[in-house]
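Biologist: Got a minute to walk me through this one? I'd like the fold before the details.

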Amino acid sequence: MKLSEFNVAVDDEFGAGYGRVLLQDLTLEALGGRTPREALGAGIAPRDVWLALCEATDVPAARRHGVGQREPGTR
């Protein structure tokens with residue numbers, strides 16, 4: 001998962017506004033007590049951050065994999 005795909009996945013799952021709040025404020029034990037933004041800054045792979053965020057916010061397993069990619073021809 002690329003960082004751009006991570007951002008699309010967050011926006012799609014949580015909405016742009018709430019997604020940004022989660023990235024900035026939610027500390028995740030699975031990421032060493034970091035926020036998702038801090039974890040990404042520390043070099044943790046976007047896929048690992050996405051899965052930790054999903055686990056912490058009870059995103060169903062069916063919506064955790066294969067997300068973040070836009071349909072061809074869309075922006």
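**Fold, then details**

Modeller: Sure. Keep in mind that this is a predicted model. Start with helix α1, where Glu5, Phe6, Val8, Ala9, Val10 and Phe14 are buried.

Biologist: What do the buried residues of α1 pack against?

Modeller: Their partners are α2 (16-25), α3 (36-41) and α4.

Biologist: Why does the length of α1 look right for a helix?

Modeller: It has twelve residues, 3-14, and at 1.5 Å a residue they should span 16 Å. The end C-alpha atoms are 16 Å apart, so the two agree.

Biologist: And what follows α1?

Modeller: Gly15, with a positive phi near 90°.

Biologist: Zooming out, how many helices and strands does the chain have?

Modeller: Four helices, zero strands. From the N terminus the order is α-α-α-α.

Biologist: New topic: Val49. Where is it?

Modeller: Val49 is in helix α4, which covers residues 46-56.

Biologist: Buried or exposed?

Modeller: Buried, because the relative accessibility of Val49 is 0%, and the cut-off for buried is under 20%.

Biologist: Which residues does Val49 touch, leaving out those up to four places away in sequence?

Modeller: Phe6, Leu31, Pro36, Ala39, Leu40 and Ile44. Phe6 is also one of the buried residues of α1.

Biologist: How far apart are the C-alpha atoms of Val49 and Ala30?

Modeller: 8.8 Å, with their positions 19 residues apart along the chain.

Biologist: Last one, the whole chain. What share of the residues is buried?

Modeller: 31% of the 75 residues. The exposed area is about 4,600 Å², and carbon and sulfur atoms supply 49% of it.

Technical notes
Residues are numbered from 1 along each chain as its sequence is written. This is a predicted model: local features need pLDDT of at least 70, side-chain atom pairs count only at pLDDT 80 or more; totals for chains, interfaces and linings use all residues. Side-chain values use heavy atoms; hydrogens and water are left out. Helices (H or I, at least four residues) and strands (E, at least two) are DSSP runs, numbered from the N terminus. Buried means under 20% relative accessible area, exposed over 50%, partly exposed in between (1.4 Å probe, protein chains only). Contact means heavy atoms within 4.5 Å. The expected span of a helix is 1.5 Å times one less than its number of residues. Accessible areas come from the Shrake-Rupley method with a 1.4 Å probe; for residues, only the protein chains shown count as cover.
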